[in-house]
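Trainee: Could you walk me through reading a fold, one feature at a time? I have the viewer open and I'm ready to go.

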Amino acid sequence: MKIQQILLNERPEGLPSSDTFKTVGTELPAPAEGEVLLQPLYFSVDPYMRGRMSDARSYIPPFKVQEPIESGGVATVVDSKDARFAPGDLVMPGGGKNFFPWATGILFSGDHLRKIDSSIPPTYYLGVLGMPGLTAYFGLMDIGKPKSGETVVISGAAGAVGLVAGQIAKLQGCRVVGIAGGEEKVKLLTSDFNFDAAINYKGNANLSTAVAAACPNGVDIYFDNVGGDISDAVMEHLNFFARIPVCGQIALYNSTDVPMGPRVQPTLIKFSVLMQGFTIGNYAHRYMEGMQQLGEWIRAGKIKYTETVIEGFDQLPTALLGLFSGQNSGKMIVKV
């Protein structure tokens, strides 16, 4: 079987470009015993993937140069040499494997696949019921520990994690302020997703002043998806015993220099602030808990979701690069 693959062609310095990727053709053999042949339907693209293009020490191994890039995905079974799977089944990586290679056809061990419920939109397993939704749930509930009446600020609020985190905070009785780029996204947060206020960071010469206006009682929880100047501005308005779950720093991922900014330690000491970085892998043993709760909220209409879906296998690099210029609302997904 002839397939196409998208490889990491070279490790980028700064923002990745078209030279970072290479598309090649190859032959895929028939599945051996215990293997399953898959046709990918959707691939996820996520900001953390930029870190895997570097060979720096991290919580997840880097991509290998001249080998396929990989990400979360949903696929349909085409042929199976594993009795647990039949043609037509919808599957995701599982059993210790979290990613599919970027390819138009995939051979995968049945031991590392899990079936998904076909009655739920398959893209939800990459978004609100997948890594972004679970990141929002555990980061806010376990680290943020929201209390009714508190003020929650979320950066990257129109992204896949931020949209869910903001709605969960509202369900806990909090005042929720989102920070996003562009007036369209700001309107989306308040009109469609129940945020109390939203700030367009692209349209504010003094972001600190905008945060103060939107948070007259200060900030009790700052859900940090972005870092950089946006986080510096929010830090100026933290209340005593504020909590800061840190799950992303997209403002810094493509920086070639050591980023400089205010030192946060004096603020943490002065106001007894908890600041904790985390990845969703920290909560792997509790995934079902998060998925069940998110599923209940979705079925009850308490959480809404949006996606940006780009069509075409060859558009995977474009979609990934689009994350760094804010071209997505909600989860960015490529439909193969």
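Mentor: Happy to. Let's fix one term before anything else: a helix here is a DSSP run of H or I with at least four residues, numbered from the N terminus. Keep in mind that this is a predicted model.

Trainee: Okay, so which residue follows helix 2, and what is the sign of its phi?

Mentor: That's Lys145, with a positive phi near 45°. Lys145 isn't a glycine, and it sits in the loop between helix 2 and strand 10. Another non-glycine with a positive phi is Gln66, at about 70°. Look for Gln66 in the loop between helix 1 (49-52) and strand 4 (70-71).

Trainee: Is Gln66 buried, exposed or partly exposed?

Mentor: Buried means under 20% relative accessible area and exposed means over 50%. Gln66 comes out at 35%, so it counts as partly exposed.

Trainee: And how many residues of helix 2 are buried?

Mentor: 11 of its 14, so helix 2 is largely enclosed by the rest of the structure. Among the buried ones are Leu134, Tyr137, Phe138, Leu140 and Ile143.

Trainee: Which strands does helix 2 lie across?

Mentor: Helix 2 (residues 131-144) crosses strand 10 (151-155), strand 13 (219-223), strand 14 and strand 15, at about 145° to strand 13. Helix 3 (residues 160-171) packs on the sheet too, touching strands 10, 11 and 13, and its direction makes about 175° with that of strand 10.

Trainee: How do I read the sheet itself? In what order do its strands come?

Mentor: Follow the pairing from one edge to the other. You get six strands in an open sheet, 12-11-10-13-14-15, with parallel pairing. Strand 12 (197-200) and strand 15 (274-277) each have a single partner strand, so one side of each is left without a neighbour in the sheet. From one strand to the next, the twist averages 15°.

Trainee: How many bridges join strand 14 to strand 15?

Mentor: Four, and the two strands run parallel. For one pair to click on, take Ile244, whose bridge partner in strand 15 is Met275.

Trainee: Last one, pockets. What is the volume of the second largest pocket, and which residues lie nearest its centre?

Mentor: Start with volume, then check the lining. The second largest pocket has about 400 Å³. Its lining has 17 residues, with Asp232, Leu252, Met260, Gly261 and Pro262 nearest the centre. By type, the lining splits into seven nonpolar, six polar and four charged. Helix 6 (residues 228-235) gives the most to that lining, with five residues.

Key:
Residues numbered from 1 in each chain as written. Predicted model: local features only at pLDDT ≥ 70, side-chain atom pairs only at ≥ 80, totals over all residues. Heavy atoms only, no water. 1 Å grid on protein atoms, 1.4 Å probe; cavity = no way out; pocket = protein on both sides within 12 Å on 5 of 7 lines; lining within 4 Å. Points joined across faces, edges and corners; volume = space filled by probe spheres on them. Nonpolar A, V, L, I, M, F, W, Y, C, P; charged D, E, K, R; others polar. Pairing = 2+ DSSP bridges. Axes fitted to C-alpha atoms, helices over the stretch in contact; angles between N-to-C directions. Contact = heavy atoms within 4.5 Å. Buried < 20%, exposed > 50% of the residue type's maximum accessible area, 1.4 Å probe, protein only.
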